[in-house]
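Trainee: I keep meeting words like "buried" and "salt bridge", and I'd like to see how each one is earned. Could we go through one example together?

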Amino acid sequence: MAKSNKPIVWGLFAAGGTVTAFITPALVLLTLFAAMRFAPTMFTYESIHAFAANWLGKVIIFGVITLSLWHAAHRFRVTLYDFGVRADLVVATILYIIAAIGTISAFFSLLSIH
Amino acid sequence: MSEERQIQLEVLRYNPETDLEPRYQTYTVPCVNEWVVLDALNYVKENLDPTLSFRWSCHMAVCGSCGYMINGEPKLGCKAFIHEYGDHIRVEPLAHFPIERDLVTVVEDFITKFASVKPYLIPKEEKPISAGEYKQTPAQLMKFKQYTLCINCMLCYAACPQYGLVPEFLGPAAISMAHRYNQDSRDGGRDQRQEVIASHEGVWECSFVGACSEVCPKHVDPAGALQQVKVASTIDWYQEHLMPWSKK
């Protein structure tokens, strides 16, 4: 039996799961507050923009976005499999391409913020 | 004091010599509340129908022989108390295994898989008996003690939807037992076991449903073991592919 190459995607999935478990609920709450026009000064457009313009801020935002994407892609792949969609290779390819596109576009969008 | 009540025990019957397919047979059994489902089965065997076949041995959750589906859930017959159920109890053979006869299943698939992970100590270095014991600290023992409690009852295989979907899957008990020896400070066989458990049919078929840990009568937590195996196998993969000089 050959060793599986699944660790590549599982590693991203596990890291993404850890990140999203801690950060996504907070982000959902903050976004809700912002939508209700209740944004503390720390979360105004200007301060978030300044955060994204900073190199460390870029790295953090990039990590949160891409790891969440890879986590979601892998989770969705496994969920589809559990629901009986057995075309695993097709499903995996499509989902991971979406995650890769998201990763690349996050990279360039973050670079464009000054 | 013991309270007697009558239960309807609905048991799946299958005799490969006479039956084309399994059927259900219901027995009326006078029970006391302290009984377990295995007692009710034994009452049937002794008093009502000696042709009923089922495996059991110790009656104390040690041997792992009396696993059945009880009202659709994998349970040990000797740990499922009558007072936890209503007056109608359905007993079927463990799910995901072929039926040999009545409640007796064909377990060769599990035994082959279990043996394939080398579930025994492979010493790092062979010592002559005169050199004494392989010593271990309590902290080293704690790392794997929980996994030694597995009694090979196969409830986790009957509970695992992945094993039901993908019969090639190595399954919870085999992988957590491999993990038990991998975690043992006296053991040096991890590389040999990884060849089997880090394969696609090994730990990577697990999608972390967690049903194995819920049904385990010995609280082994196979799902936790499999997650640890995934983390360790992922670290292995990166070491082998990104730092090929670090191993062997």
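Mentor: Sure, let's take the labels one at a time and set each value against its cut-off. Keep in mind that this is a predicted model.

Trainee: Let's start with chain A. What makes up its pattern along the sequence?

Mentor: Reading along, you get α-α-α-α. That's four helices and zero strands.

Trainee: And why is chain A called more spread out than a compact globule?

Mentor: Set two numbers side by side: the radius of gyration is 17 Å, while the globule rule gives 13 Å for 114 residues. The value is well over the rule, so chain A is more spread out than a compact globule. As for its dimensions, the C-alpha atoms fill a box of roughly 55 × 30 × 20 Å along the principal axes.

Trainee: How much of chain A counts as buried?

Mentor: Buried residues make up 28% of its 114 residues. The area that chain A exposes is about 7400 Å², with carbon and sulfur atoms supplying 79% of it.

Trainee: Now the meeting of the two chains. How do you know how big the area buried between chain A and chain B is?

Mentor: The size of an interface is often given as the accessible area lost when the parts come together. Here the buried area is about 1700 Å², and carbon and sulfur atoms give 59% of that. The contact takes 15 residues from chain A and 21 residues from chain B.

Trainee: Which polar links are counted between chain A and chain B?

Mentor: There's one salt bridge, and the count of residue pairs in polar contact is four. On the chain A side, the elements giving two or more residues to the contact are α1 (7-35) and α3 (55-82).

Trainee: Why is the pair B:E240 and A:K3 called a salt bridge?

Mentor: Side chains of opposite charge can pair when their charged atoms come close. The cut-off is 4 Å from a Lys or Arg side-chain nitrogen to an Asp or Glu carboxyl oxygen. For B:E240 and A:K3, the closest N and O atoms are 3.0 Å apart, so the pair passes the 4 Å test.

Trainee: Are those two residues buried or partly exposed?

Mentor: Partly exposed is the label between 20% and 50% relative accessible area. B:E240 comes out at 28%, so it counts as partly exposed. A:K3 has 27%, so it gets the partly exposed label too.

Trainee: What makes B:K113 and B:D109 a salt bridge?

Mentor: Their N to O distance is 2.9 Å, and the limit is 4 Å. Both residues lie in helix α2 (residues 108-116) of chain B, four residues apart, which is about one turn of the helix. B:K113 is at 9%, so it's buried, whereas B:D109 is at 32%, so it's partly exposed.

Trainee: And what distance do you get for B:R90 and B:E92?

Mentor: Their closest N and O atoms are 4.0 Å apart, and the pair counts as a salt bridge. B:R90 has a relative accessible area of 30%, so it's partly exposed, while B:E92 is buried at 16%. Those two also belong to a salt-bridge network with B:E10. Over all chains, the count comes to 13 salt bridges.

Trainee: Why is B:D49 called buried?

Mentor: The line is drawn at 20%, and B:D49 has 10% relative accessibility, so it counts as buried. You'll find B:D49 in the loop between α1 (37-48) and β3 (67-70) of chain B.

Trainee: How do you know which side chains B:D49 has polar contacts with?

Mentor: The cut-off for a polar contact is 3.5 Å between N or O atoms. The contact joining the side chains of B:D49 and B:R13 is 2.9 Å, and the one joining B:D49 and B:Y27 is 2.7 Å. Both distances fit within 3.5 Å.

Trainee: One more: what makes B:S199 buried?

Mentor: Its relative accessible area is 0%, so it falls under the buried heading. B:S199 is in the loop between α8 (190-197) and α9 (211-215) of chain B. Its side chain reaches the backbone oxygen of B:V196 at 2.7 Å.

Key. Residues numbered from 1 in each chain as written. Chains lettered and ligands numbered in written order. Predicted model: local features only at pLDDT ≥ 70, side-chain atom pairs only at ≥ 80, totals over all residues. Heavy atoms only, no water. Rg over C-alpha atoms; globule rule 2.2 N^0.38 Å. Buried < 20%, exposed > 50% of the residue type's maximum accessible area, 1.4 Å probe, protein only. Areas by Shrake-Rupley, 256 points an atom, 1.4 Å probe, with all protein chains shown as cover. Contact = heavy atoms within 4.5 Å. Buried area = accessible area lost by both parts, 1.4 Å probe. Polar contact = N/O pair within 3.5 Å; in protein donor to acceptor, adjacent residues only side chain to side chain.
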